[in-house]
Amino acid sequence: MTTAERPAVHPALASLRRARELFLLGRQLPDGVPEDVVAAWKRARFLGVRHDTKPPGPEVPRPSVRAPEPPLLTAARPVLERIAPALGTGQTSLVLTDERLRVLWAAGLAPGDPCHDLSEQVVGHNSAVLALHTRRRAEVHGPEHFLDLWQDVSAVSVPVRETETGRVLGTVTVSCGLCAECGPHPGAPLAEATAVAVEAELLSRSRAAERVLLDAYLKAAGELGRAVVALDGRNRLVSEAAGQLLSPEALEVLEREVVALLREGGRRRGAQEEPDSASGAVGGSEASTAPASSVSYRLRLPVGTGCTAMLIPVPHEGSVVGAVAVLEPVGNTGAAPTARPAVGLAGRSAPWRHAVGRAVELAATPEPLLLVGERGTGKTSLARHLAQQHLVTMDAAEGELTLQGDELAGGRPLLVRHVERLTQPGTAILNSLLESHPGARLLVTYTPGVPPGPCLQRLLDALAARSVTLPALRERPDDIRELLTALAPRPAPGRPPLTWTLDALRALEQHPWPGNVTELAHLVRALAEQRRAAGPVRRSELPDPVREGPAKRQLSPMEHAERAAILEALRLHGGNKARAAAALGIARATLYRKLRGYRD
């Protein structure tokens, strides 16, 4: 959690109260009213919130089937119940909400309580809304609220994040009577400490749940060659047989189904349920006692996959923590496994398919073709694929170009790489040969950089009508997953293919990749050769710049130095944040806060 930044100069509460009254009467506001407060009042009015309404109280439980307890509440309850007695009998309350600002738990009593929904659409502006929006600690005092009921309430809210991914799961709010002149909220340390404790409990439980999912996967995949996938919305375990059967699209379908299954508490509405015996494929003694394990679901995967999936929920401590999908062939699927995509063509994003389609179209006629793009975008790989036969390759980066007319007239395609590195005599030779052999099967790659000289510009102008610009990898992050499959070396006999957790994939998709596909290829090769751990690649195994993600704002020199020291400590301690924090002499919460601050 990061400490909220409050304005150095804040209008007196009395002035803000008068401004709110004028706003409600539709009159002109005085100068000095904070723009964000006025904007919040306007949003509440636009959403139809009445300032004189009372927020809805707790919902009366219905006698129907009890909904499963949200995982956030399950993890937070022990923490909250330990803290609740410390609230005393004063006008202070402690509230936990989910990411939709529905109240999951509340204790204590502050003015305006109780309320079961803190969303802006229901109650207007409040600290929980602000904390969820800014992803950091937020305070709202008295007349900053829209509701009349909260004019004498000060509240502070802190987001609760999933430690490994940074995703906001909900908020912790401490509210009390109005604090004089909107100073720092006295409940801020309690709110931050509660959020840290809940995050630690979530992390501890997630690791136990991951072990249960791994046990279920190993049990289901016990038979050699069985096609099995285990998923929990963050991690992915894929057997070798499943890796050969499933396309990236089919894996996406499975992940979406598992996420929906977790959201619905292990019961998938509208899915085809299978008999109880299907669930016997997975789970240990603990799993077998949970009611959610008695139902499995049959899924139809995308056309062309050649199999269906039996999706079996994996329960743990009364809730579903993931699912195991057992793949079953459909019809005549004794054919060879799905072919690995060629690196030169791997990718399904619109920018990439458009560029490749245009290149294929131009390469169908025997004339020169210019491929333009940043270094590492795949120009040479695509050129070799387009040639469809052995290429004569010349690299201007490796020396002087020696090219004769008969080499162009011989009929074999010629590839000239790094034409931007040509010397002026070499560029003149190429210009001359193109004039004498306009129909030559010539492929040229060009990486923009330093402005070209007149001779090179003449060459580029001559090829401009038949040129294709390849998009940078940062412009097609949707292609990362298919590229990982194409770039991964074939596993040794008896070893599973390289797979990735959902969190690691998100980190790869967010990285800017200055070296493009070439940089990604080096990363994949290094992991495949040096990795000793089993299972999918986790985010913690990625290089520091990829794992931590790009800074979303300009860092100061001091922040750069701090970030470098933290990343180095994390590297030395294998990604263990507790040990890294101890080595740096700071609290683990401080380390988390600084890392998030660099990303916000």
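# Notebook: a cavity, some strands, a few loops

**Cavity**

I started with enclosed space and found that the structure holds one cavity of 30 Å³ or more. This is a predicted model, so I read everything below as computed from it. The largest cavity takes in about 110 Å³ of space.

Who lines it? I counted 13 residues around the largest cavity, and Ala363, Thr365, Glu367, Arg441 and Leu443 are the ones nearest its centre. I sorted the lining by character and got nine nonpolar residues, three charged and one polar. Then I asked which elements each supply at least two residues of that lining. My list reads helix H10 (350-363), helix H11 (379-387) and strand S15 (442-446).

**Whole chain**

I stepped back for the overall tally. The protein chain has 21 helices and 16 strands. Of its 600 residues, 48% are buried. I also looked at contacts with a separation of 6 or more, and 63% of them are between residues 24 or more positions apart.

**Strands S13, S14 and S15**

S15 had turned up in the cavity lining, and I followed its pairing next. S14 and S15 run parallel and are joined by three bridges. Leucine 414 is the residue I found opposite leucine 442 in S15.

On to the pairing of S14 with S13. Strand S13 (residues 392-395) and strand S14 (residues 414-417) are also parallel, with four bridges between them. For threonine 393, I noted leucine 415 as the bridge partner in S14.

**Loop after S14**

I then walked along the loop between S14 and helix H13 (424-436), where histidine 418 lies. Histidine 418 caught my eye for its backbone: phi is positive, about 55 degrees, and the residue is not a glycine. Is histidine 418 buried or partly exposed? I get 21% relative accessibility, and buried means under 20%, so histidine 418 counts as partly exposed.

Threonine 423 sits in the loop between S14 and H13 too. At 33% relative accessibility, I put threonine 423 down as partly exposed. I checked its distance to alanine 396 as well: threonine 423 and alanine 396 are 27 residues apart in sequence, and their C-alpha atoms are 8.3 Å apart.

**Strands S1, S4 and S5**

Next I moved to strand S5 (residues 168-177). Why call S5 largely enclosed by the rest of the structure? Because nine of its 10 residues are buried.

I looked up its strand partners. Strand S4 (residues 153-161) pairs with S5 in the antiparallel sense, over nine bridges. In that pairing, arginine 161 has valine 168 of S5 as its bridge partner. S1 and S5 are antiparallel as well, and seven bridges join them. Here I wrote down valine 95, whose bridge partner in S5 is threonine 173. A general reminder to myself: side chains in a regular strand alternate between the two faces of the sheet.

**Arginine 102**

From S1 I went on to the loop between strand S1 (92-98) and strand S2 (103-108), where arginine 102 is found. I have arginine 102 as partly exposed, with a relative accessible area of 36%. What does its side chain reach? I found a polar contact of 2.6 Å between the side chains of arginine 102 and aspartate 98.

Leaving aside neighbours within four places in sequence, I listed Leu96, Thr97 and His116 as contacts of arginine 102. For histidine 116 I also took the C-alpha distance to arginine 102, which is 6.0 Å across 14 residues along the chain.

**Loop between H16 and H17**

Last stop: the loop between helix H16 (502-510) and helix H17 (516-530), which holds tryptophan 513. Tryptophan 513 has a positive phi, near 50 degrees, and is a residue other than glycine. Buried or exposed? At 1% relative accessibility, I count tryptophan 513 as buried.

Histidine 511 has its place in the loop between H16 and H17 too. With a relative accessible area of 9%, histidine 511 is buried. Which residues does histidine 511 touch, not counting those up to four places away in sequence? I wrote down Glu519, Pro545 and Val546. With glutamate 519 I could add a polar contact, side chain to side chain, at 3.4 Å.

Key:
Residues are numbered from 1 along each chain as its sequence is written. This is a predicted model: local features need pLDDT of at least 70, side-chain atom pairs count only at pLDDT 80 or more; totals for chains, interfaces and linings use all residues. Side-chain values use heavy atoms; hydrogens and water are left out. On a 1 Å grid over the protein atoms alone, a cavity is a set of points where a 1.4 Å probe fits but cannot get out, and a pocket is an open set with protein on both sides within 12 Å along at least five of seven lines; lining residues have an atom within 4 Å of a point. Grid points are joined across faces, edges and corners, and a volume is the space filled by probe spheres set on the points. Ala, Val, Leu, Ile, Met, Phe, Trp, Tyr, Cys and Pro count as nonpolar, Asp, Glu, Lys and Arg as charged, and the others, Gly among them, as polar. Buried means under 20% relative accessible area, exposed over 50%, partly exposed in between (1.4 Å probe, protein chains only). Contact means heavy atoms within 4.5 Å. A polar contact is a pair of N or O atoms within 3.5 Å; within protein, one must be able to donate a hydrogen and the other to accept it, and residues adjacent in sequence count only if both atoms are side-chain atoms. Two strands pair if DSSP finds at least two bridges between them.
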